[in-house]
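Biologist: I have a few "why is it called that" questions about this structure. Could you take me through the reasoning?

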Amino acid sequence: MAGFRRTVLLEVATELFSRQGFHAVGIDDIGAAAGVTGPAVYRHFQNKDAILRDLCTSAMTELLTGARRAAGTGGPEDVLHALIEVHAGFGSRHRRLVAVYVREHRALSPMALRALRRRQRDYESIWTDALVQVRSDLGATQARGVVTAVLSLLNAAAHMPAQLDDATVQGLLSSGAAAVLLTRPADAAALGSAAG
């Protein structure tokens, strides 16, 4: 029962943080939305910061676990496609959590933020390592820049219209990310001249 209540509190906090922002939501708000008193929330979380830390950590854990699995899927292009599906799938299923992660992670304590950023760098390096093997036209720094852009694109799941179902969102994100990662400048120029 305690695990269930904790899960409900995290779901409610995700909803409230995504709609109102972390700083605008209090422990009493979370408790009321979950059907418990504010003090009851403290049986599961030390404070509101601990809730945010749990949300950001769980998001990064799922993405990093999926990325490490994807890294063993075959050649570097296969790895990139698998990484795209991991992130696009996560984003389409957890749009509110992505919104909280992207907008609110800076509210973490300095120690928690440092730990999260280390894991973010690990995650990004899996993408970058695969990309430099596929795109010989990119140096390591350029590849990191492309990966940063692609992750921002994938995190746009947080802003997708609510009317779009998860499969549609995943498809839109995946196709956009693949186009950015796998289109070389010469390919883009050829497409532009064909369109003109």
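Modeller: Happy to! A definition to start: axes are lines fitted to C-alpha atoms, and angles run from 0 to 180 degrees between N-to-C directions. Please keep in mind that this is a predicted model.

Biologist: Thanks. Why is α5 called roughly perpendicular to α6?

Modeller: Their axes, those of α5 and α6, cross at roughly 105 degrees and come within 5 Å. Angles of 65 to 115 degrees count as roughly perpendicular, so α5 is roughly perpendicular to α6.

Biologist: What makes this a contact of α5 with α6, and which residues meet?

Modeller: Contact means heavy atoms within 4.5 Å. On the α5 side Phe-90, Gly-91, Ser-92 and Arg-93 take part, and they meet Arg-95, Leu-97 and Val-98 of α6. By class, the contact of α5 with α6 has three nonpolar, two polar and two charged residues.

Biologist: Now the second largest pocket: what makes a residue part of its lining?

Modeller: Lining residues have an atom within 4 Å of a point of the pocket. Arg-93, Arg-95 and Leu-97 belong to that lining, among them also His-94 and Met-160. α6 gives the largest share, three residues, and the volume is about 220 Å³.

Biologist: How do the classes of that lining divide?

Modeller: Into four nonpolar, two polar and three charged residues. Arg counts as charged, so Arg-93, Arg-95 and Arg-96 of the lining fall in that class.

Biologist: And which residues are closest to the centre of the largest pocket?

Modeller: The largest pocket holds about 390 Å³ of space. Of its 19 lining residues, Tyr-101, Val-102, Gln-120, Leu-151 and Asn-155 are the closest to the centre.

Notes: Residues are numbered from 1 along each chain as its sequence is written. This is a predicted model: local features need pLDDT of at least 70, side-chain atom pairs count only at pLDDT 80 or more; totals for chains, interfaces and linings use all residues. Side-chain values use heavy atoms; hydrogens and water are left out. On a 1 Å grid over the protein atoms alone, a cavity is a set of points where a 1.4 Å probe fits but cannot get out, and a pocket is an open set with protein on both sides within 12 Å along at least five of seven lines; lining residues have an atom within 4 Å of a point. Grid points are joined across faces, edges and corners, and a volume is the space filled by probe spheres set on the points. Helices (H or I, at least four residues) and strands (E, at least two) are DSSP runs, numbered from the N terminus. Angles under 35 degrees count as roughly parallel, over 145 as roughly antiparallel, 65 to 115 as roughly perpendicular and the rest as oblique.
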